Each structure stands twice: as structure tokens, then as C-alpha cells.
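Have the model open in your viewer and keep the sequence panel within reach. We will go from the whole chain to single residues, one selection at a time.

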Amino acid sequence: MMDFDLEDELVFNEDYYAFLNVSREATKEEISNAYRSLSRVYHPDKHLDPENKEKAEILFNRTKKAYEVLSDPHRRAIYDSLGVKGLETEGWEIVQRTKTPAEIRAEYEQLAEEKAERLKQQRTNPHGAITININATDLFNPYIDDLSLDNELDIEPTSLLPSVEISGMNFNQSVELPLTQKDTCTLAGQLQTHNGTGSGGINLSWRHIFSHKSWGEVEMLAGNGPAISLKAFRTLSKRFFWNGGTVLQFSPQGLRPGIMSTLAMQIDKHTVTYFTYQGGLRSLLSTSIVKDSEFGLYNFNVQVGLPHSFISFSYTKKMLNQELRLKIAVKGGTFGGMVEYGAEKKVSKHTWLSAAVAVGVPTGVKLKIRLNRANQTYSFPIHLCEEVMPSAIFYATVVPLVVYVLVKKGIVEPFHKEQQAQKIEKEKQKNQVQLMEKRREAQAAVDLMTATYARICTDEESKKGLIINKALYGKILNEKSESEEVINVTIPLQCLVRDSKLVLYEQSKSQLPGFFDPAVGEDKFLYVSYTYRSQPYEVTAGDTELLRLPKSSHRNSVT
């Protein structure tokens, strides 16, 4: 995927579930059993050597902390929702302990949403749109001066290249200025130019929210003569809502009134019908049905009025896994007919890129490129020819796809990889002290596991059970050898074996006792070579992949 946004900041997070090697749905009994098992290894009283006792105190405190959080439903609910930072936040102790974990989680998710909404209301909320109209009809319909057809005149062509020009531009920008929780002021400006002739305007509006069912707005406009408009919205019932308004424009020709009213009806969960009337210099009456579901968007519209009447239908297929939308639309009326098809692709967390081809009579062929970046929209309608020509349709369809692939593979992906590599290296340097601390803690855990490791190996060998011959964790490529980004975890993995079985749950294995993250920000894997009932087995699993040993599919066919 083309991605203009880098990932969130890389940090070292404490995962208590992974440290105890229990699932996130683990019962209190399972958590207690895991705690007792680790306590037998890390309890300071189990070690007489002063150096080992000091190491054991550090690891036992971490084990105890994980157990205290996960065994307490109240603290566990907070941890599940917000992590360790949530536990460190002041004020959580006032929450009633009689509430269930689900209620606690829901309550604080609601508080977080309300806080985020308040912050959003306090900020100016800029919106902008830039449209650049490009006339490229000379590519397929070259203009030939009638004088050049006169054999008696020797007129040389002015240029060997086709003419591509900008025929018009539109700029729109608005900024919201929250005054109170219910009052918002919006300042907006527009600028248009077409074939050398320009115009513009500025709008100032004030919106007041009367309740969750209604709001009203007053807007002052200046540009093509001063104007004032009144708008309102009202929820009439559970299934009906209305919005409308009126505008009075003062021009040299006199006062120009206008009115607009829309009544909407909710048919079902995904379908809404709209009835719209607009009166004034251009009167129209329209009705539309919009069905917006998880997998598709349908829009059927009929409009009767001046200067044009038409019928249109569009369908958008939402491909959620590919973050892609495919659209086709048909429109016909007094102006002529048109068919439009295109695609919209999410290229980053905040960016959508779309391309569409419109083929119509008498408009010809147009290629529409649009980029939506957060609240900003950049549109580039390109008029390719004034007639319906197969060559124009072909190039309008193929060229955007080829350019997208070339830019993605040749520019964006290499750039993103380089930026991500720099970010990872920067984070490694930034967290070097913490990484060294995690490395020392992992080595201390391995040192304390020596006796347990020997006991489990002896027990498993006596019954030809599960023996870990070699286990490597980190950025494993082709060679399964130790390096700075790959560590040997044979001992800590063997210590997790219980009754000839081993289960690692769907969480980062870097949090397991005796493990640490040797390749921060990189994709990591766990390679295990083991024997069970004197037969060789081998497996490589992803960092957060569920792993169960032994398993018949791991059987090594090469003996």
C-alpha cells in the first residue's frame, strides 16, 4: 500500500498476560497457577547466592505486579482498556468496586470519548477544497486553424506538442471558531476563475444548537452582491427529520429570494429517502434513495426542474480488506447522458486517492483525479476530448493505473521503507538504555532458570517427552543463527513446558520471561527445533501467532 503516514511511536509496553503466558481470557485460577509456577523460579528465598537473590527480587516483583493487576477484576478492566498508563493515572481509586469490569471499561471509554470531543470542539476545524480544471482536448482533438487548410498560405504550426491548459480553478477554505458548547462561528472564503474571468466571496455564519434534535444558523455572504440566509434542522420523529432555509441576495437587478427544504425518512437501518424542493431563479424538485451498508452504497435520484431534469443511479462496492471502493454511475436527462466508473483507494491513515472516467454526450471524455487528505480535498478534472473516442477512454482508464503502480513501487514504497528504517533506528537509540535494561533482565531470568531447566529436561527425557533442542527469537531470515537481532531462548522456552506440552498465546513473545525484543519495530519470529517421542520437529511462528507444541504438522520429514 502507498502510505504517506509513518507508524505510531515505538515504545516498550508491559504485557502482563504475555509475561505470565496466559491468554487474555484467562480465568483467575489460570492466572494464579501461572503466578505460582513463576514464583517457584523467581522467589528470592529460593536462591542463596547474593547476586542471584538480587536478580530474583527484580523478577519476582515484576511477577507479583502482573499477578496483582490481573487477579483484581477492577484493575484488570482498567489495564485491558488503557494499559499500564491507565493504572498510573490518578483518580481511578474512586471508582466503585461493585461495578463489573465491562461497566468500568465502558464508563471510561465514554469519558475518553467526551474528553476527545471537547478537545475537538476547542480547536479550529479547517476544511478546504482546491479544484483545478485542465483542458487536454488537444491530445485527441487537435485544433486546426481553417487558414492552415488554404494551400496558398504557408503557415507553420506554432507547436509540435499538443496544448494542455488550465481552464479554471476553484478554492474554498473554512475555519470553525467554537464560542461555547452550543455556539460555533464559521468563516469561509471562495475564489473561482474560468477562462480568465474570476469571482469570489466570503461567508460568516453562526450556528446555535438548541438541543440534540435541532439547530439554527444565520449566514452573511459577500461577493456577488451581499446576501443573508437562514438555515435550520429539526428531528421530527424517530424516522423523520427536516432541514431547510431561505436566502435573500441583494443585486443590481433587485432582491433575489430563494428557498430550500429537505424532508428525510429513515426506511431501515441502512436506507434513507430524501425529498427536496428548491425555489428561486432555478427551481427544482428531487427525490433520492440512499442505501449505505457495510459492503456497498446505492444512490438513486430523480430531479425535475430548470435548467435540467435527469435520472441517475450509482453503486459503490466497498472492499474493506483491500481498503478499496469501486464505483459505477449512470446519469441521463435533458442535458444528455453520461456513464462514470472509477476506484478510490486508501493510501494512508488519513488519505484517500481516487480516479474516475466520465463518458458522456455531449461532454465527451473526462478523467477525474481526487486526493482527500484529512479535511482537505484536491480535485483535478481533466477534459480529454469533446467526443466519445475509444482511444481517450482507453488511456483515461489505463494511464492512472500504470502511474499509480510506478509511483507506488518506484517512489513511495522505497521512501516509506527508508523513513521507517530511520524511525526504527532513532527509536532504538532513544530507548537504548531501556533496551539494555530489558536485555539484562532477560539474562538474569535465564540465570535463575538453570536449576528449573535441568529438572524439566531430566523429567521430559525420562518419558521421551517434549525437549527443546534449539529456539531462536528475533529477526530471523534464512539462516537460523544468533546475531544482534536474534537471541537464543532455548532455556526459557523449555521452562515453559508443562506435562510435555507448550502453549504460547497470541501476544508478543518478547514479554515472556527470559525474552526481550532484539529488533524493535521489525517483524519478529520464533524458530523452534524440538524432539517428541524421539522424533524431530521444527517450526517457525510469527511474533503474535498462537503456537502449540507438539504438533504433527511440525514433523521434520528429513531424518
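Begin with everything selected and a surface drawn: the accessible surface of the protein comes to about 34100 Å², and carbon and sulfur atoms hold 56% of that area. Keep in mind that this is a predicted model. Of the protein's 559 residues, 35% count as buried. Switch to a cartoon and you have nine helices and 23 strands to look at. Among contacts with a separation of 6 or more, 45% are between residues 24 or more positions apart.

**Colour by confidence**

Now colour by pLDDT. The mean for the protein is 84, with 85% of residues at 70 or more. Select residues 1–11, where the pLDDT is below 50; this stretch nevertheless has 43 contacts in the model beyond near neighbours in sequence. Then select residues 90–98: the pLDDT is below 50 here too, and the stretch has ten contacts beyond near neighbours in sequence.

**Helix α3**

Next, select residues 50–70, which make up helix α3. How far does this helix reach from its first C-alpha to its last? The span is 30 Å for 21 residues, close to the 30 Å expected at 1.5 Å a residue. Show the side chains of K55, A56, L59, F60, R62, T63, A66, V69 and L70, the buried positions in α3. At the N-terminal end, add D49, which caps the helix. A side-chain oxygen of D49 lies 3.1 Å from the backbone nitrogen of E51.

**Two hairpins in a row: β12, β13 and β14**

Move on to residues 310–319 and 324–333, strands β12 and β13. They run antiparallel and are joined by ten bridges. To find the register, pick I311 and look across to G332 in β13, which stands opposite. The hairpin turn between β12 and β13 has four residues, including E323, whose phi is positive at about 50°.

Keep β13 on screen and add residues 336–348, strand β14. The pairing of β13 with β14 is antiparallel as well, again over ten bridges. Here K331 faces M338 in β14, and two residues link the strands in a hairpin. If you show side chains along these strands, it helps to recall that in a regular strand they alternate between the two faces of the sheet.

**β17 and its two partners**

Select residues 376–385, strand β17, together with residues 127–135, strand β1. Do these two run parallel or antiparallel? They are parallel, joined by six bridges. G128 has Q376 in β17 as its bridge partner.

Now add β16, at residues 364–373. β16 pairs with β17 in the antiparallel sense over nine bridges, and K368 has P381 in β17 as its bridge partner. Two residues lie between β16 and β17 in their hairpin, and A374 in that turn has a positive phi of about 55°.

**Backbone details worth a zoom**

Most residues other than glycine have a negative phi, and most peptide bonds are trans. With that as background, centre on P362, in the loop between β15 (351–361) and β16. The peptide bond from V361 to P362 is cis, with omega near 10°. For another cis bond, go to L549 and P550, where omega is near -5°. P550 sits in the segment after β23 (547–549).

Then select S500, in the loop between α9 (490–494) and β20. S500 is not a glycine, yet has a positive phi of about 60°. Follow with S534, in the loop between β21 and β22 (535–542), where phi is positive at about 65°. Which of these serines is buried and which is exposed? S500 counts as buried because its relative accessible area is 10%, under the 20% cut-off. S534 counts as exposed because its value is 54%, over the 50% cut-off.

**Last stop: L512**

Finish at L512, in the loop between β20 (502–504) and β21 (525–532). Why does this loop residue count as buried? Its relative accessibility is 5%, so L512 falls under the 20% limit. Show its surroundings: leaving out residues up to four places away in sequence, L512 touches A18, N21, L496 and L504. Draw a C-alpha to C-alpha distance from L512 to L496 and you should get 9.5 Å, for residues 16 apart in sequence.

How values were computed
Residues numbered from 1 in each chain as written. Predicted model: local features only at pLDDT ≥ 70, side-chain atom pairs only at ≥ 80, totals over all residues. Heavy atoms only, no water. Expected span 1.5 Å × (residues − 1). Buried < 20%, exposed > 50% of the residue type's maximum accessible area, 1.4 Å probe, protein only. Polar contact = N/O pair within 3.5 Å; in protein donor to acceptor, adjacent residues only side chain to side chain. pLDDT = per-residue confidence, 0-100. Contact = heavy atoms within 4.5 Å. Areas by Shrake-Rupley, 256 points an atom, 1.4 Å probe, with all protein chains shown as cover. Pairing = 2+ DSSP bridges.
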